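Student: I would like a close look at one part of this model, the end of the chain, followed outward to whatever surrounds it. Please take it as a single connected account.

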Protein chains: 4
Amino acid sequence: MQHYILRIVCDDRKGLIFDTMKILLAHGSNILENEEFVDEYTRKFFMRTEFILDGDINQLEKEIKNFFKTSTKIELLPKKEKKLWVLVTKEHHCLSDILVRCFHKDWNASIQGIISNHEVLRKFSEMFGYSYYFVSHENKTREDMEKEISQIIASKGEFDYIILAKYMRILSEEFTKKYESKIVNIHHSFLPAFVGAKPYKQAFDRGVKIIGATSHFVTAHLDEGPIIAQGIISVDHSYTEEDLKSSGRDVEVRVLSETIRLLLEDRVFINENKTVIL
Amino acid sequence: MQHYILRIVCDDRKGLIFDTMKILLAHGSNILENEEFVDEYTRKFFMRTEFILDGDINQLEKEIKNFFKTSTKIELLPKKEKKLWVLVTKEHHCLSDILVRCFHKDWNASIQGIISNHEVLRKFSEMFGYSYYFVSHENKTREDMEKEISQIIASKGEFDYIILAKYMRILSEEFTKKYESKIVNIHHSFLPAFVGAKPYKQAFDRGVKIIGATSHFVTAHLDEGPIIAQGIISVDHSYTEEDLKSSGRDVEVRVLSETIRLLLEDRVFINENKTVIL
Amino acid sequence: MQHYILRIVCDDRKGLIFDTMKILLAHGSNILENEEFVDEYTRKFFMRTEFILDGDINQLEKEIKNFFKTSTKIELLPKKEKKLWVLVTKEHHCLSDILVRCFHKDWNASIQGIISNHEVLRKFSEMFGYSYYFVSHENKTREDMEKEISQIIASKGEFDYIILAKYMRILSEEFTKKYESKIVNIHHSFLPAFVGAKPYKQAFDRGVKIIGATSHFVTAHLDEGPIIAQGIISVDHSYTEEDLKSSGRDVEVRVLSETIRLLLEDRVFINENKTVIL
Amino acid sequence: MQHYILRIVCDDRKGLIFDTMKILLAHGSNILENEEFVDEYTRKFFMRTEFILDGDINQLEKEIKNFFKTSTKIELLPKKEKKLWVLVTKEHHCLSDILVRCFHKDWNASIQGIISNHEVLRKFSEMFGYSYYFVSHENKTREDMEKEISQIIASKGEFDYIILAKYMRILSEEFTKKYESKIVNIHHSFLPAFVGAKPYKQAFDRGVKIIGATSHFVTAHLDEGPIIAQGIISVDHSYTEEDLKSSGRDVEVRVLSETIRLLLEDRVFINENKTVIL
C-alpha cells in the first residue's frame, strides 16, 4: 500500500476528471482526496488527486502518460520527505520556525543546509545539527557569489525547494531561471503595495492600518512572481516603524510556514503569473 | 448634566495631560474616557477626553482656550447628532448600510440628503424618507457639476461630513479644499496597492490571496489622503473578477461603517498625511 | 442551455465520482464546478456538481436515480430563486441585511413574508414592499401561536427556508420537526459557549476577549442543531455588556448573511449533527 | 535615566490621574505612555504609566505610597528582564516558541528552567542551554509531586511567572494559591466552550467552524481563571480531529506568545475574575 499524489496540468477539455478516474480505478486505486480547477481565462485544467495503490505504479503511470497529450504536465509523486535549502541573512524568525518544525518532524521535510551571507545564524543552525554555509557577498560579483551558492546546492544532490527565509540579496535572472519554480521568497509587505526595499518604512510613512506579508515564487522580476499566500495584522497610529517590523515578523513567519506546508503537500500549481492552490 | 468631548491637538510639551485635567477637575467635570498620543516624529500631542459637566461649559472653554497657545487646535463638542451628506453613483451597498443605520437610529447621525450623478438609487433613498438630488455629469464641466453639488449642500446649512459611498467621479482640487477634512471616501482596494481605477481587475490580474478596502480623507491627490480604516478578506484562485467585486463589496461596507462610527464619536484626528484614532 | 445543481448523499463506495461523471457526460453536460467529501466516520459520501445541460433533464435524472441505491438522497435543482420566510422579534439588524439584499437582487431569493410577535418592524418591512404578519405570543399557548405561524406559511405555498433573524421565542419540537432541515437560526454567541439566554451577559461576566455568532439548523434541542457558519470579533476589558451586544450585532449580520448565501447556492449538507459545506 | 512602569489599582475617585501626574511631574519624570481604565461595576481604577526618571526613584515611590490609601496596590517596576519557569509535558510547540524568543533576546526575559513530567523535551531544551528538570508523576501523590516542583523553583530564587506551556497535569488548590497571579496556562480551546479534557475531540464532535485557544491565570478552579488572550482559526468539515489538533497548535503558540509579551510589558491586571490589559 503506497500513498501517491497525481498532479495534472493541461488544456481543458470535456471528461478530463472522468478519464483520469477511469485509469485510477482500473488499477484499484483508493482515492483519498481530489480537487480540480479550470481557469476560465487561460483554459487550463489543474487537478490534484491523493490516492493509495496496492499495485504497480509504473504501469499506471505509463497509461496516464500515454493517455494525456504531450503538452500535459503530469507528476506522480510518492508522498515522501521533501528536501529544503534555506537561505538567510541575519534575521532569525523565519529560519527558527523552519528549523523547529523540521527538527521535531512536524513537517515531512528535511533540511539540506542553511546558506547565508553572514555568520550571525551559524551557532543557532548548527545547534540543531544542520550544516551552515557562509558565502560572503563582499569583494565579489553577484555572479561569483551565486556560483558559489549553486556549487554548495549541487554538492548535496537533488532537492525540492530553496526557501528565502529573509535572504536580503537580490538574485540574478540567471539564478532564478536555473531554479525556476523552486525558489520561494517571503516578502515583508502586502504585495503589490510597498514593492522593493524598506516596506515597513513605506508603510509607516503612508500611515496604513494593516500590514502584511506575501510569499511568492521568485522570478527574474523582483517581487513580481506568482503569489502563494498572504497574511495581515492590524496596526494603529501608535506603532513606530520598529513596532511595525516586530509585528510584521510574526506575520512573515505565519505566511512562510503556511506556504511551506502547501508546498510539502504538493498543493501549489503555477498558472502563468498566479498560483492555483488545490 | 451634559456630555462633552474635548479634543486637543498641539505641539507636545511636559505636563499637558496634567494641565488639562486640572482645568477640567476645577470645574467639577466627571471624566468618562481619556486617551492621548504623542507623535514622536511630528512632536504633536493629541488628546480626546469624554466628560460630563453639570455647570457652565462656556467658562471652562474660555479657560482651556486661554491656557493653550494660539497654535493649538481645541474643539469642545457637545455629544450630539452629526449631519451627513452621502454621495453615490450606482452601487447601493454602502448607501444601504448608512440609510439602514440612520433610519433605525443605530448611529447618532442624520442624513441631509443623497446626491448622485445617476437616478438609479432615487427610489431606494426616498423610500427611507431621505431627499435625493440628481446632478448629472453629462454635458458640463467638472467645475459646473461641483458648483451644483456645493449649492445643494449649502442650501441645507451646516453639516459635518460628506461621505463618498461609492461615488465614482474624481473631485477637483478646489472642491476637496473647500471641504477640507470633511470628505471621506471608501476606496475599493487595500491602499496603496491598486491605486486608481478598476482595482478588482488589477487584483485579479496580480493573483492576490487577500483583497481589501480602505477609507480615507479626500485630498487633492487621488487616493492619497490620510487613511482612517482598512479591512480585508481572504480570496483564492477560484474567484473571478466578479467574485472579487462581490466579496469586496462586503468589506467596503464594513470598513466604511466602522469609519463613520469613529467619525461620529469624534475619534479621528488628522496628523499630516496620517490619522490618529483615539 | 439550463444551469443545474446535482447534490448526492449516500453511503461511500469506490467509483462514485466516476459513475456520476459518466452519466453526466453521456448526456452532454458541461461541468462547471464539482466538489465531494467523504466522512471517514459516518462513511457517507457527499457531492455537489454544478453543470449546464442543453438537453432533456428528465432522462438524465431518471438514469441517475436508477443507478444509485434507494438509500441515496439525490436532488437535481434548476438554479432558481429560493423563497424565504423571515421570523423576527424586535431587533432590525439581521432583517435589514436580508431585506436590502433581496430588494436589490444581490441574492437569488425572494421573501414570502416577515412574521413577528411584535409590531416594531412592520413599518420598515412594508416600506420595502414585503408582507408583515403579526402573531402575538400573548394569552395563548406556544402550540396555538405556532399553528398560526404555520397557517401563514402554508397560505403562500411552497418555500425553501425559514430564517430566524433574531426571533426570540423557543420553537416546539413539533414545529421544528414539521420544517426539518428548513429552519435556520442565528445564535448570538460562539456556540457551544454560552448556550441559552443572555449570551452577552454571560460573555461579559466571564471576561472573554473574543465574541462570536453561530448560525445553525434548528432541531428540537435548543442551540444544538448542526452548525453552518461562525464568526468572531475581538473585544477588550473596556466593552460594557451593551458594547458587546452592539459589536455582536455586526457579527450576527455577517454570519447570517454568509449562511443564507451558502443555502441559496445549495452548498450546505446536513451530516447527522454537523454540516458539510461544498 | 531609568525606565519605570507605575501600576496602580485602587477604588475609583475623582482626580486620580491628576494626582498621579502631579507627583510624577514634580520629580521631573518624562511620561512615555499612559493608560487607565475604570471598571463601572467594581468601581476599581487601573492605571499603567511608563516614564523615564533622571533622579531618585525612592523618594518618588515614597510620595506615591504616602498619597494613595493603604488599600491601593502600587507597583513601581524598573523595566528589567523577567524570569520565567516553563512547565511542559510532551508537546514541543509552545515551548519551542518560548525558547527561540528567549534565546534570540526577542523578549526581555530569561528562563529559569524547564520542568516536565516526561523526558521527551530534555534534549531539545538542553540544546538551547537551559536546565531541564524531570519530575515524574508516577507512584506518588499530587501533593508530593508538586512539592518537588516547588523545591526546584525555590532553589533558583526569585522569579516572575510560571508558564504552563501545554503542561497536562491538573494543579492542586494549594499549589495555585501558593503562586497566585503567577501561573499562566494555555488552554487548547475557545473557553468557556469545551472546558476540561480533549477539547479537540469535543470540537470535532460538535462540528464547529472555528477553533480557538485561550490563555488565563490559573486559579483553584480548572479553566476558570481570568482570561488574558484568545485567538481563533477557521476550520471546515474536512478537518479530522488530528487536523483540528494540528491547526490548534498554531493558535495556541500565537495566543501564548502574545500573552507572555503582555506580561513582560506589565500590561495585565487582574480584576476579580477578569483581566484589564493596558
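**From a hairpin to the assembly**

Tutor: C:V268 stands opposite C:I277, a residue of strand 13 of chain C. The model is a predicted one, and this pair of residues is a convenient entry to it. The two strands concerned are strand 12 (residues 268-271) and strand 13 (residues 274-277) of chain C, which pair in the antiparallel sense over four bridges. Strands 12 and 13 of chain C form a hairpin with two residues between them. C:E272 lies in that turn and has a positive phi of about 55°.

The next step is the surroundings of the residue numbered 268, now taken in chain A. A:V268 belongs to strand 12 (residues 268-271) of chain A. A:V268 counts as buried because it has 22 C-beta neighbours inside 10 Å, where the cut-off is 20 or more. Once neighbours within four places in sequence are left aside, the contacts of A:V268 are A:I228, A:L262, A:L263, A:T275 and A:I277. One of these partners, A:I228, is 40 residues away from A:V268 in sequence, yet the two C-alpha atoms are 7.5 Å apart in space.

A sheet of chain A comes next. Strand 11 of chain A covers residues 227-234 and ends the order 7-6-5-8-9-10-11 of an open sheet of seven strands with mixed pairing. Strand 7 (132-134) and strand 11 of chain A stand at the edges with a single partner strand each, so one side of each has no neighbour in the sheet. From one strand to the next, the twist averages 20°. Strands of a sheet pair through backbone hydrogen bonds, in either a parallel or an antiparallel sense. Within this sheet, strand 5 (residues 82-88) and strand 6 (residues 109-116) of chain A run parallel and are joined by seven bridges. A:K82 has A:A109 of strand 6 of chain A as its bridge partner.

Helix 3 of chain A lies across strand 5, strand 6, strand 8 (161-164) and strand 9 (183-187) of chain A. With respect to strand 6 of chain A, helix 3 runs at about 150°. Helix 3 spans residues 93-103 of chain A and is mostly covered, with nine of its 11 residues buried. Those buried residues are A:H93, A:C94, A:L95, A:S96, A:D97, A:I98, A:L99, A:V100 and A:C102. After helix 3 of chain A comes A:K105, whose phi is positive, near 60°.

These elements can now be set within the whole chain. Chain A has eight helices and 13 strands. Its radius of gyration is 21 Å, close to the 19 Å that the globule rule gives for 278 residues, so chain A is as compact as a globular protein of that length. Along the principal axes, the C-alpha atoms of chain A fill a box of roughly 60 × 40 × 35 Å. Of the 278 residues of chain A, 40% count as buried. Among contacts in chain A between residues at least 6 apart in sequence, 68% join residues at least 24 apart.

The account then passes to the contact between chain B and chain A, to which each of these chains gives 24 residues. On the side of chain B that touches chain A, the elements that give two or more residues are strand 11 (227-234) and strand 13 (274-277) of chain B. The residues of this side of chain B divide into 12 nonpolar, seven polar and five charged. A turn of 180° with a shift of 0.0 Å along the axis lays chain B on chain A with an RMSD of 0.0 Å. That is the relation of a two-fold axis. In chain B, the C-alpha nearest this axis belongs to B:A193, at 2.2 Å from it. The same surface serves both copies, since 100% of the contact residues of chain B recur in chain A.

Chain B also touches chain D, with seven residues of chain B in contact with eight residues of chain D. The side of chain B that touches chain D comprises four nonpolar residues, one polar and two charged. Chain B is superposed on chain D by a rotation of 180° with 0.1 Å of shift along its axis, at an RMSD of 0.0 Å. The C-alpha of B:F18 is the one in chain B nearest that axis, 2.8 Å from it. Here 100% of the interface residues of chain B are also interface residues in chain D, so the copies meet through the same surface.

Key: Residues are numbered from 1 along each chain as its sequence is written. Chains are lettered from A and ligands numbered from 1 in the order in which they are written. This is a predicted model: local features need pLDDT of at least 70, side-chain atom pairs count only at pLDDT 80 or more; totals for chains, interfaces and linings use all residues. A residue is buried if 20 or more other C-beta atoms lie within 10 Å of its own, exposed if 12 or fewer, and partly exposed in between; C-beta atoms are placed from the backbone. Two residues are in contact if their C-beta atoms, placed from the backbone, lie within 7 Å. Two strands pair if DSSP finds at least two bridges between them. Ala, Val, Leu, Ile, Met, Phe, Trp, Tyr, Cys and Pro count as nonpolar, Asp, Glu, Lys and Arg as charged, and the others, Gly among them, as polar. Axes are lines fitted to C-alpha atoms, for helices over the stretch in contact, and angles run from 0 to 180 degrees between N-to-C directions. Copies are superposed by least squares on the C-alpha atoms of residues with pLDDT of at least 70 in both. The radius of gyration is taken over C-alpha atoms; the globule rule is 2.2 Å times the number of residues to the power 0.38.
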